[in-house]
Structure formats: C-alpha cells, structure tokens
Amino acid sequence: MTTEESQAAGEGRPSAPGTGLAPATRAVALGRPPRDPGAPLTAPVTFTSTYYADGAVSYARTDNPTWTALEEVLGALEGGSALTFASGLAAVSAVVSLVPVGGVVVAPRHAYNGTTGILDERSAAGALRVRTVEAEDVDGIVSACSGADLLLLESPTNPMMELTDVPAVLRGLDASDRGGRPVVVCDNTFATPLLQQPLGWGADVVVHSATKYLAGHSDTLLGAAVVAPGRRDLHERLHTHRTLHGAVPGPMEAWLVLRGVRTLAVRLERAAASAATLVARLQEHPAVERVRYPGFGAMASVEVAGGAQEAERVCASTRLWVHSTSLGGVESQIERRRRHPLEVSTVPENLLRLSVGVEDVEDLWSDLDRALRALL
Ligand SMILES: *Cc1c(COP(=O)(O)O)cnc(C)c1O
C-alpha cells in the first residue's frame with residue numbers, strides 16, 4: 001500500500017503526508033511504509049525474483065516493492081506516475097519504442113549523446129526517421145513536428161546548455177494541429193523536478209537519468225519515465241515494454257536512489273549556489289573564452305583558451321575536481337565531452353563540462369583557477 005492509499009484508509013493511524021506539500025518535503029516524506037507503530041521508517045530492499053502465488057504481484061520483472069516506493073516519490077515530484085528503469089538510456093529506449101515502425105522522431109542536435117546514439121542506431125536499422133532541430137528554435141521545432149510521432153526534448157541540453165522554451169513549443173503544437181500532436185517527451189535530468197516540471201506545462205512523459213542528481217552520489221545507475229496523469233495509455237505501454245524487454249532496475253539500485261532523493265533539495269540548493277558563484281568568476285577568467293550556463297541548476301560548460309589539448313590539460317591538473325564522465329554527484333566533476341567518439345561533432349573541442357558538487361566553493365574555485373591559469 002502506498003502512503004497515500006494508507007492515508008485514505010485512515011484506520012486511526014497518525015496521518016501520513018499527502019498532497020499539497022512542497023517538492024522538497026515530498027522528496028523526504030513520501031515512499032515510506034505506513035505509519036504503523038513499530039514499523040520501519042524506510043522502505044526495505046526487497047530481494048526476490050518471485051512471489052507466493054495468488055497475490056497482487058507474481059514475478060519480479062513486473063513488480064518490486066522497492067521500485068514502487070521510489071516510483072511514488074518520483075511520480076509525486078514530477079506530477080505524474082513513474083516507472084523506474086535499469087538506466088536513463090533504458091527509459092529513453094522505452095519511449096523510443098512508442099514510435100511505430102517507419103515513424104518520425106524530432107530531437108535536438110545536442111541531446112545527450114546516448115539519446116542521439118539510440119536514434120541513429122534505430123534509424124540505421126530502418127526502424128524510424130529522425131528530424132534534427134536546434135533546441136532554441138521554437139518555430140523550427142514546431143514545424144518539424146508536422147506528422148511526427150515523437151518529440152524528444154532536453155532542456156538544458158547536455159553539454160551545450162541550450163534552453164528550449166517548452167511551454168512555447170507546446171502552445172505552437174496545439175495551435176498548428178497538423179495531423180495530430182506527437183508524443184512530447186522531456187529529458188529532465190539536468191534541471192530535476194525541483195527546478196522545472198514539464199508535465200505541468202503539458203508534456204506527456206518526463207525521462208530521467210536518476211543516475212545523476214536524483215541518486216546524487218555517483219554510485220548507481222537507474223532511469224525513470226514519469227507519465228502525465230491523462231496518459232494512462234502511455235504508462236501501460238511503457239510498463240509493458242519494461243516487462244517484456246527486462247529493462248528493470250535492481251532493488252538495491254532503487255533503494256540507493258530513494259535514499260539519494262531524500263537529500264536532493266539540499267544538495268541541489270548548495271550546488272546551484274556554488275555554480276552561480278563559479279560562473280560569475282569564470283566569465284572574468286583570462287583562460288576562458290566562453291561560459292555556457294542556463295542561469296539555474298549546477299551544470300555549466302566552459303570553452304577554454306586553446307583547443308582539445310589545452311582542455312585536456314585542465315582536466316589532468318585539477319586535484320579536487322574529479323576528471324570523469326557523468327554528473328550530478330556530490331563530487332564536482334570535469335570532462336571534455338569531445339573525448340567521446342559518439343559526442344556530436346558540433347560540440348566545441350575545447351568545451352569542458354562542469355558538474356558542480358557540494359564541496360566548499362572556495363576550494364572548488366582555487367583548484368579550478370589554478371588549473372586554468374596554467375594555460376596562460
Ligand atoms: C546520463 C544521461 C542520460 C543517460 O542516463 P544513464 O543513466 O547513463 O543511462 C540521459 N540523458 C541525460 C541528459 C543524461 O545526462
């Protein structure tokens with residue numbers, strides 16, 4: 001039974017938290033066992049592959065109570081119903097599976113390279129066609145959606161930090177009404193549901209790499225798709241996809257993300273404040289040509305003076321910033337994205353993506369400043 005169901009059931013227990021709470025509170029209060037005297041506060045990790053017959057659940061590729069606890073929290077944060085997946089890309093792959101054979105997907109040029117990788121692979125196999133758009137070009141996106149089956153948005157984009165005016169795109173789609181609106185999916189990994197909630201703007205599905213901010217400690221992989229309340233049909237199809245393709249998370253991973261989500265608000269608040277401080281200083285830095293920063297959140301990219309070699313030198317010489325791929329952990333991370341062969345070729349060679357963590361901001365600055373000054 002979920003917290004809200006148990007609340008509805010009443011039964012004289014102290015009332016469990018429900019709707020009307022701020023997102024930071026929901027992240028802490030939901031996804032817990034009912035408040036029965038003597039019951040544990042935290043959802044257990046349920047390690048099982050199967051269940052005794054004749055119950056509501058039968059096999060663990062379809063249901064697991066640890067996923068359910070996490071899905072309750074993620075659904076409440078995004079304002080929809082959540083499904084957890086083995087990784088962020090498993091969730092992206094699930095939404096791509098909604099496209100009929102030969103269908104059309106519209107996606108921004110600088111979407112996450114794994115996302116563009118899935119689309120390239122599927123289109124090379126003849127399964128679908130891709131129309132590439134620029135994330136900031138609302139009119140271009142709306143007109144590319146004519147006759148399309150799926151619009152995959154990512155805002156900010158990874159790693160170019162472009163923003164899409166998602167409400168304007170949705171208004172444009174509703175106004176144009178050419179052959180029906182595509183399913184609109186937003187990858188909300190960078191912003192997290194604390195900074196924007198695309199389902200509230202009218203998107204159909206939000207996807208997450210929970211590996212990043214939601215888990216927050218660089219120790220697990222997990223993904224999620226959260227479906228708008230009016231689209232039970234999509235929820236059912238994504239659930240079927242997850243079951244049949246086995247794109248399921250392990251219960252331990254779900255538990256780790258549930259634990260990570262509890263501190264999402266404080267981690268993000270701290271990291272975003274530090275990012276704003278660092279960005280203001282980087283904009284004045286003689287070894288930095290350009291700073292890309294969406295104005296919120298804890299991600300930024302910088303283009304350093306010089307090319308690929310200079311950018312690599314910065315990564316090799318930081319002592320505190322961790323040179324590694326991925327983002328959204330408590331540890332500040334730095335990476336030159338073009339070192340990955342799959343990265344989109346219009347991402348500059350000298351671009352470093354910064355994921356600001358929760359360390360002391362002055363320690364972060366002196367480490368980064370020293371590594372950058374070595375270029376001068
Ligand atoms: C990392 C990432 C993904 C992929 O998630 P995994 O958990 O690594 O599979 C998808 N979208 C964005 C924006 C990401 O940063």
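Select Asp54 to begin, and look in the loop between helix 2 (residues 23–29) and helix 3 (residues 65–78), which is where Asp54 has its place in this predicted model. Although Asp54 is not a glycine, its phi is positive, at about 75°. Most residues other than glycine have a negative phi, and that is the reason for pausing here. Is Asp54 buried or exposed? Because its relative accessibility is 82%, Asp54 counts as exposed.

Next, select Ser326, which is found in the loop between strand 10 (residues 322–323) and strand 11 (residues 333–336). Ser326 also has a positive phi, of about 85°, although it is not a glycine. With a relative accessible area of 25%, Ser326 is partly exposed.

Now turn to the backbone of the loop between strand 4 (residues 150–154) and helix 7 (residues 166–176), where you will find Pro156. Most peptide bonds are trans. Select Ser155 together with Pro156, and you will see that the peptide bond from Ser155 to Pro156 is cis, with omega near 0°. Staying in the loop between strand 4 and helix 7, move on to Pro159, which has its place there. The peptide bond that leads from Asn158 to Pro159 is cis, and its omega is near 10°.

Keep Ser155 on the screen and add Asp187, a residue found in strand 5 (residues 183–187). Which residues does Asp187 touch, once its neighbours within four places in sequence are left aside? Asp187 is in contact with Leu153, Glu154, Ser155 and Val207, so selecting these four shows you its surroundings. Then add Thr189, and look for the polar contact of 2.6 Å that joins the side chain of Asp187 to the side chain of Thr189.

How far from Asp187 is the nearest side chain of opposite charge? That side chain belongs to Lys212 and is 7.5 Å away. Because a salt bridge requires a side-chain nitrogen of Lys or Arg within 4 Å of a carboxyl oxygen of Asp or Glu, the distance to Lys212 is one to check in your viewer, and Asp187 is indeed buried yet without a salt bridge.

Finally, select Lys212 itself, and bring Tyr112 into view beside it. Lys212 lies over the face of Tyr112, at 5.3 Å from the ring centre. If you then go looking for pairs of aromatic rings, you should expect to find none, for the structure holds zero aromatic pairs.

Note on methods. Residues numbered from 1 in each chain as written. Predicted model: local features only at pLDDT ≥ 70, side-chain atom pairs only at ≥ 80, totals over all residues. Heavy atoms only, no water. Helix = DSSP H or I, 4+ residues; strand = E, 2+ residues; numbered from the N terminus. Buried < 20%, exposed > 50% of the residue type's maximum accessible area, 1.4 Å probe, protein only. Lys, Arg positive; Asp, Glu negative; His and termini not counted. Polar contact = N/O pair within 3.5 Å; in protein donor to acceptor, adjacent residues only side chain to side chain. Contact = heavy atoms within 4.5 Å. Phe/Tyr/Trp six-rings, centres within 6.5 Å; stacked < 30°, edge-to-face > 60°. Lys NZ or Arg CZ within 6 Å of the ring centre and 35° of its normal.
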